[in-house]
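Got your viewer open? Then let's take a walk through this structure together, one selection at a time.

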Amino acid sequence: MLAPGFADPVHDAQGTFRAVMDALARPSLPRRLDTRLAPPAPLTPELAAVALALTDADTPVWLDAGLAAAPEVAAYLRFHTGAPLTDDPARAAFALIRDPARCPPLARFAQGTPAYPDTSTTLVLALDRIAAGVGLHLTGPGIRGATRIALAPVPDGFVDQCAANHAGFPLGIDLILTAPGLVAGLPRSTAVTES
């Protein structure tokens with residue numbers, strides 16, 4: 001039996017959309033992401049909420065190995081969003097990453113083009129922990145001065161990958177980071193360093 005989507009599709013999608021947009025506008029400030037979803041494992045409620053709010057029949061979605069191995073996840077996403085699934089990360093509008101430590105290199109995803117930088121992939125990662133005020137050093141639009149955010153787990157070389165992604169601005173990918181009950185944003189305009 002297919003797991004249900006949003007109980008109130010319009011208002012729940014609007015609330016999730018607003019939380020994600022606020023998180024991207026103010027990097028490093030996690031927002032509450034209220035969801036009562038119970039999607040098929042290993043899809044998390046937060047990944048499901050973002051997918052239900054942001055994807056549709058015109059947004060190809062790439063799933064990491066763990067999600068792709070669960071046919072129930074594909075069926076859930078197809079039914080509730082209509083989004084086509086792709087095996088090619090460079091063709092995805094969105095990528096759902098359940099195992100961030102094994103996320104492919106950011107450069108493997110669509111970077112956009114000079115004429116259409118918005119055709120890049122947006123990665124949605126399911127982290128175990130997001131904590132403001134400690135960890136990585138962030139500067140850029142939406143941040144007053146500088147701030148810090150701790151993220152776990154992240155792939156090897158994450159800071160270097162973020163630096164390369166930022167250097168290509170306005171091209172590059174945006175990251176939507178989720179953790180239980182939270183969402184944070186790390187857009188390509190944000191500079192990420194260790195200190």
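Here is a tour in several stops, each with something to select and something to look for. Keep in mind that this is a predicted model.

**Stop 1: the largest nonpolar core**

Start by selecting L43, Y76, L77, L96 and I176. The largest nonpolar core has 31 residues, and these five touch the most other members. Now colour the elements that feed this core: α1 (9-25), α2 (45-54), β2 (61-63), α4 (71-81), β4 (94-97) and β5 (122-126) each bring at least two residues to it. Which element gives the most to this core? That's α2, with seven residues.

Stay here and zoom in on L96. Leaving out residues up to four places away in sequence, L96 touches L43, A51, V61, W62, L63, D64, L67, L77 and V124. Show those side chains one by one and you'll see who surrounds L96.

There is also a second, separate core, made of 27 residues. Select A95, L127, A184 and L186 to find some of its members.

**Stop 2: helix α2 and its partner α1**

Next, select α2 on its own. Is α2 mostly covered or mostly uncovered? It is mostly covered, with eight of its 10 residues buried. The buried ones are E46, L47, A48, A49, V50, A51, L52 and L54.

Now add α1 to the view. The axes of the two helices, α1 and α2, come within 9 Å and cross at roughly 100°. An angle from 65 to 115 degrees counts as roughly perpendicular, so that is the label for α1 and α2. Turn the view until you can see the crossing.

To see where the helices meet, show A13, T16, F17 and V20 from α1 together with A49, V50, A53 and L54 from α2. What kinds of residue make up this contact? Seven are nonpolar, one is polar and none is charged. Look at the spacing of the residues along each helix, too. An α-helix has 3.6 residues a turn, so residues three or four places apart point the same way.

**Stop 3: an aromatic pair**

Select W62 and F109. The structure holds one aromatic pair, and this is it: W62 and F109 sit edge-to-face, 5.5 Å from centre to centre, with 80° between the planes. W62 is in strand β2 and F109 is in the loop between β4 and β5, so the pair ties together parts that are 47 residues apart in sequence. Both W62 and F109 are buried, so you may want to hide some of the surroundings to see the rings.

**Stop 4: I149 and S28**

Move on to I149, in strand β7 (residues 147-152). Is I149 buried or exposed? It is buried, with a relative accessible area of 2%. Not counting residues up to four places away in sequence, I149 touches S28, I130, A131, A132, V134, G135, L136, L138 and A184. You've met A184 before, as a member of the second core.

Try a distance label as well: I149 and R98 are 51 residues apart in sequence, and their C-alpha atoms are 20 Å apart in space.

From I149, hop across to its contact S28. S28 lies in the loop between α1 and β1 and counts as buried at 2% relative accessibility. Check the backbone here: phi of S28 is near 85°, a positive value in a residue other than glycine.

**Stop 5: a buried loop residue**

Select T190, in the loop between β9 (182-186) and β10 (191-193). T190 is buried, with a relative accessible area of 2%. Its contacts, apart from residues up to four places away in sequence, are P27, L138, T139, I143 and H166.

**Stop 6: two cis peptide bonds**

Now for the backbone. Where does a cis peptide bond with omega of about 5° sit? It joins A41 and P42, and P42 lies in the loop between β1 (31-32) and α2. Then jump to A152 and P153, also joined by a cis peptide bond, with omega of about -5°. P153 is in the loop between β7 and α5 (158-167).

**Last stop: L2**

Finish with L2, in the segment before α1. At 36% relative accessibility, L2 counts as partly exposed. Leaving aside neighbours within four places in sequence, L2 is in contact with A75, Y76, F79 and H80. Y76 takes you back to the largest nonpolar core, where the tour began.

Terms used:
Residues numbered from 1 in each chain as written. Predicted model: local features only at pLDDT ≥ 70, side-chain atom pairs only at ≥ 80, totals over all residues. Heavy atoms only, no water. Core = buried A, V, L, I, M, F, W, Y, C linked by side-chain atoms within 4.5 Å. Buried < 20%, exposed > 50% of the residue type's maximum accessible area, 1.4 Å probe, protein only. Helix = DSSP H or I, 4+ residues; strand = E, 2+ residues; numbered from the N terminus. Contact = heavy atoms within 4.5 Å. Axes fitted to C-alpha atoms, helices over the stretch in contact; angles between N-to-C directions. Parallel < 35°, antiparallel > 145°, perpendicular 65-115°, else oblique. Nonpolar A, V, L, I, M, F, W, Y, C, P; charged D, E, K, R; others polar. Phe/Tyr/Trp six-rings, centres within 6.5 Å; stacked < 30°, edge-to-face > 60°.
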